[in-house]
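Reader: Hi! I would love a close look at one strand in this model, with a few other spots for context if there is room. Please spell out the cut-offs behind the terms as you go.

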Amino acid sequence: MRPPREPDLASGHLSPIIVESRRLMGPNLMHPGVGAVLDVVLDDTMSNRNAALLRAWHARVAELTGALGWPDATTTQRTYPGGASLFVHAPVDQLMTATDVCESAWMTSELAIVGLVRDTAAATIDELRAMADAESCPPLVALWEEGQRRRINVTFDEHTACIGSGSGAHCWPVRDIPPIDSVDWRTVRDIPIVLVTGSNGKTTVVRMIAAMARAAGHNVGHTCTDGVWINDAQVESGDWSGPVGARRVLQDTSVTLAVLETARGGLLRRGLAVQHASVAAVVTLSPDHFGDYGINDLETLAAVKLIVASAVHECGLLVCNAGVPSLVQATARYTGRLATVTVHHDTAVDAPFTWSSSTDLYLTTAELTQIPATLGGAATHNVLNALVAATVADELHLGDPSRAALLAFGTDPRENMGRLMTHVVGGVTVVIDYAHNAQSVAALIDATRGIPAARRAVSLGTGGDRDDVALQAIAAAAAEPGIIDHFIAKEMPRFLRGRASGSISGVLLDALRALGVPDAQLASAPDDMSAVRQALTWARPGDLLLLAVHDQRDAVLQLVEQCATSGWTPGSKLP
């Protein structure tokens, strides 16, 4: 066996085999509790060495956690091509120490399998004990255990710990948590909490449910990739679809109902922020972000998304899209209450879709087509989103006001910012959408088929964390219908995520050429705004522009508004 490689200290890890070490602060893919996970690179051609490394790691972690006196410090592993994720269950107040336990055990394992032993075991344990003592917080442990006993949420970070949620929450600085017997438990409770996940549609479903709950009289806190809202007031901007956003809402004592977008990244990086929820919904599933954290197939991705199901309380409800085979397969083992919805395309002219639900919903097909966000039923992805939202609202008994709110959803394009926002300027129809993967690009093009257009253009782009296969799928989704006349491949400079500038648009353009799109129909742009200005410059009256806008939405909307108010017409100078 070859000896371990020399450490690359610039990486932040002592071993170059270590990819990442992180805390998991709630239910996760590896375990229903908290702990730490270590991601490592493995050489698939050296199976015997890998097996020896993993055995040595588990044994060393057991030795270290035993010396630290951790109860129930179980370990588990998940292997995948090219690597493994290794988890240790740890006390809730020892998660940083747990990351060092994982790393130290791996370093020792690398040395042990090649017969090298350094006499540092005692020093390592002494260092870990000192770290554990510094991190120790018995009141947090007591709060966590009491929350588990009472089946009430406990949320925490480095600064704040909270039991209960929203209007039933009690929060303290972590180092000032009072004795458990001094808490007024009569006032501690959880509010209704809705978790929404999926590859696409999460934000729209969250916004629909939030609008319905507000109409029913709730003070609603909701999170999404656009920020955090308390009722109609935006209190944070940016992507808050992870556990930090969830805590931001759940620790606000004005909130009486929470709707939390729960993204894949947050689930994998930190675990689920809550232990209990009233409803969870999985909207869609598509082969997106493959390769991250060893997620390489739809079956494993379905397991990631269904982490939300672990939080649904015994009398709660899990809502799933029955049109996704991998979700259907994964939920076959689910023992709680399950509601399913699905939407199918229909070739009949007078019925663009058919739908089914395993629950009795208060919507008819005719009513679904009246929801502005469904574009008369043509936007079948928003038909599905509306069905999911209606199922959740029905479970929460939100009543008739919520029904009216859903039927009006999308009347004002700002109600669903960045999603199918339609404007007409100078005789050109402009649709601004967040389409960022193959599934959402296909949905955008399909939803707008019925819009009359002399010519059609589309701008395409996505984050640099997607591989070339995903980019090629985006190009195929745009080219496949054969109705697009002009393609603009754009970059997202703030989201290159390790890619070279120009590589995303380059792969998209190469893929479009390989699909037979002539160069005369292709263009590239360095960012969102440049792509939009190019599209408007290309446009003539009667054209349709499908603009995937991700990074500069506010500036793009301002430009479109300026075009409308200035009387801009195609061929004239843009504002």
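Author: Happy to help; the strand comes first, then a helix pair, a single residue and another sheet.

A word on the ground rules: this is a predicted model, in which local features need pLDDT of at least 70 and side-chain atom pairs count only at pLDDT 80 or more, while totals for chains, interfaces and linings use all residues. Residues are numbered from 1 along each chain as its sequence is written, and side-chain values use heavy atoms, with hydrogens and water left out.

The strand is β22, residues 544–548. Strands here are DSSP runs of E with at least two residues, helices are runs of H or I with at least four, and both are numbered from the N terminus. Five of the five residues of β22 are buried, so the rest of the structure largely encloses this strand. Buried means under 20% relative accessible area, exposed over 50% and partly exposed in between, with a 1.4 Å probe and protein chains only. L544, L546 and A548 are buried on one side of β22, and L545 and L547 are buried on the other, which leaves both faces covered.

β22 pairs in the parallel sense with β18 (residues 428–433) over five bridges; pairing requires that DSSP finds at least two bridges between the strands. There, D433 has A548 as its bridge partner. β22 also pairs with β19 (residues 456–460), again in the parallel sense, over four bridges, and S459 is bridged to L547.

Now the helices. The axes of α5 (residues 202–215) and α11 (residues 380–395) come within 9 Å and cross at roughly 45 degrees. This makes α5 oblique to α11, since angles under 35 degrees count as roughly parallel, over 145 as roughly antiparallel, 65 to 115 as roughly perpendicular and the rest as oblique. Axes are lines fitted to C-alpha atoms, for helices over the stretch in contact, with angles from 0 to 180 degrees between N-to-C directions. Contact means heavy atoms within 4.5 Å. Among the residues making this contact are V205 and M208 of α5 and A389 and V392 of α11.

In helix α2 (residues 95–112) you will find S104, which counts as buried at 17% relative accessibility. Leaving aside neighbours within four places in sequence, S104 is in contact with L64 and T124.

Finally, four strands form an open, antiparallel sheet in the order β1-β2-β4-β3. Its twist averages 15 degrees from one strand to the next. Six bridges join β3 to β4 (residues 83–89), and T75 stands opposite V88 in β4.
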